[in-house]
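User: I would like to learn how to read a structural model step by step. Where should one begin, and what comes next?

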Amino acid sequence: MGLFTRDIESLDDLFLHQLQDMYYAEKQIIKAMPTMIDSASSEALKDALQTHLRETEQQVQRLEQVFQLQGAQAQGVECPAIDGIIDEAKDVNSEIADKSVLDSALIASAQSVEHYEISRYGTLIAWAQCLGKTDCVPLLRKTLEEEKAADAKLTGLAEQTINRRAA
Ligand SMILES: [Fe+2]
Ligand SMILES: [Fe+2]
């Protein structure tokens, strides 16, 4: 599916395309998270990221269920947006020597990922509802709730301890 071909003709096609985009994104996130976990110094941050990594693995399976409900094969399509977020995180984090500052940076990077996911799943749910794909909605909503909870947990860690430690 190229940028300048007209493979996306309907909202249904667009839904499938965005599903493929998220399938790719979640898998890239699973690849990137172990390094983030290793780089974190705060045990609470390590735990939060580890927990969300396990959730992310479940989210991939949930996307596979959504593909199945569409009668489509689960496959990813390159998502330059998530690649950009992850690449920038790697670049910035590799420049930081101070452990506490690095923890703050890791939270910022992780929250960029969560916000991207929140926007994408929000859109997928809206389109699924509009297209009458009611069987897909609970699966997508479960993942959206996990992304929001992960984001809120990171905000809590940053505001309660980690940013102050870094300041
Ligand atoms: Fe996710
Ligand atoms: Fe996430």
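Analyst: Keep in mind that this is a predicted model. Begin with the metals: the iron ion (ligand 2) lies 3.3 Å from the iron ion (ligand 1), and Glu117 coordinates both.

User: Which protein atoms are the donors of the iron ion (ligand 2)?

Analyst: A donor here is an N, O or S atom within 2.8 Å of the metal, and water is not among the atoms, so a site may look incomplete. For the iron ion (ligand 2), His52 contributes NE2, Glu114 appears twice through OE, and Glu117 and Glu147 each give OE. These donors lie 2.1 to 2.6 Å from the ion.

User: What spacing do the donors follow along the chain?

Analyst: Spacing is read from one donor residue to the next. For the iron ion (ligand 2) the pattern is H-x61-E-x2-E-x29-E. The pair His52 and Glu147 links distant parts of the chain, being 95 residues apart. His52 sits in helix α2 (residues 43-69), while Glu147 belongs to helix α5 (residues 137-166).

User: Are His52 and Glu147 buried or exposed?

Analyst: The cut-off for buried is under 20% relative accessible area. Both His52 and Glu147 are buried.

User: How should I read a single residue such as Asp21, and where is it found?

Analyst: Place the residue first, then look at its cover and its neighbours. Asp21 is in helix α1 (residues 11-39). Its relative accessible area is 7%, so Asp21 counts as buried.

User: Which residues does Asp21 touch?

Analyst: Leaving aside residues up to four places away in sequence, Asp21 touches Val77, Cys79, Tyr116 and Arg120. With Tyr116 there is also a polar contact, side chain to side chain, at 3.2 Å.

User: Moving to the whole chain, how many helices and strands are there?

Analyst: The protein chain has five helices and zero strands, which reads along the sequence as α-α-α-α-α.

User: What does the radius of gyration say about the protein chain?

Analyst: The value is set against what a compact globule with this number of residues would have. For 167 residues that reference is near 15 Å, and the protein chain has 17 Å, so the two agree. Along the principal axes, the C-alpha atoms fill a box of roughly 50 × 30 × 20 Å.

User: What do the contacts and the surface add to this?

Analyst: Among contacts between residues at least 6 apart in sequence, 78% join residues at least 24 apart. Of the 167 residues, 43% count as buried. The accessible surface comes to about 9,000 Å², and 51% of that belongs to carbon and sulfur atoms.

How values were computed
Residues numbered from 1 in each chain as written. Chains lettered and ligands numbered in written order. Predicted model: local features only at pLDDT ≥ 70, side-chain atom pairs only at ≥ 80, totals over all residues. Heavy atoms only, no water. Donors = N, O, S within 2.8 Å, 3.2 Å for Na, K, Ca; no water. Helix = DSSP H or I, 4+ residues; strand = E, 2+ residues; numbered from the N terminus. Buried < 20%, exposed > 50% of the residue type's maximum accessible area, 1.4 Å probe, protein only. Polar contact = N/O pair within 3.5 Å; in protein donor to acceptor, adjacent residues only side chain to side chain. Contact = heavy atoms within 4.5 Å. Rg over C-alpha atoms; globule rule 2.2 N^0.38 Å. Areas by Shrake-Rupley, 256 points an atom, 1.4 Å probe, with all protein chains shown as cover.
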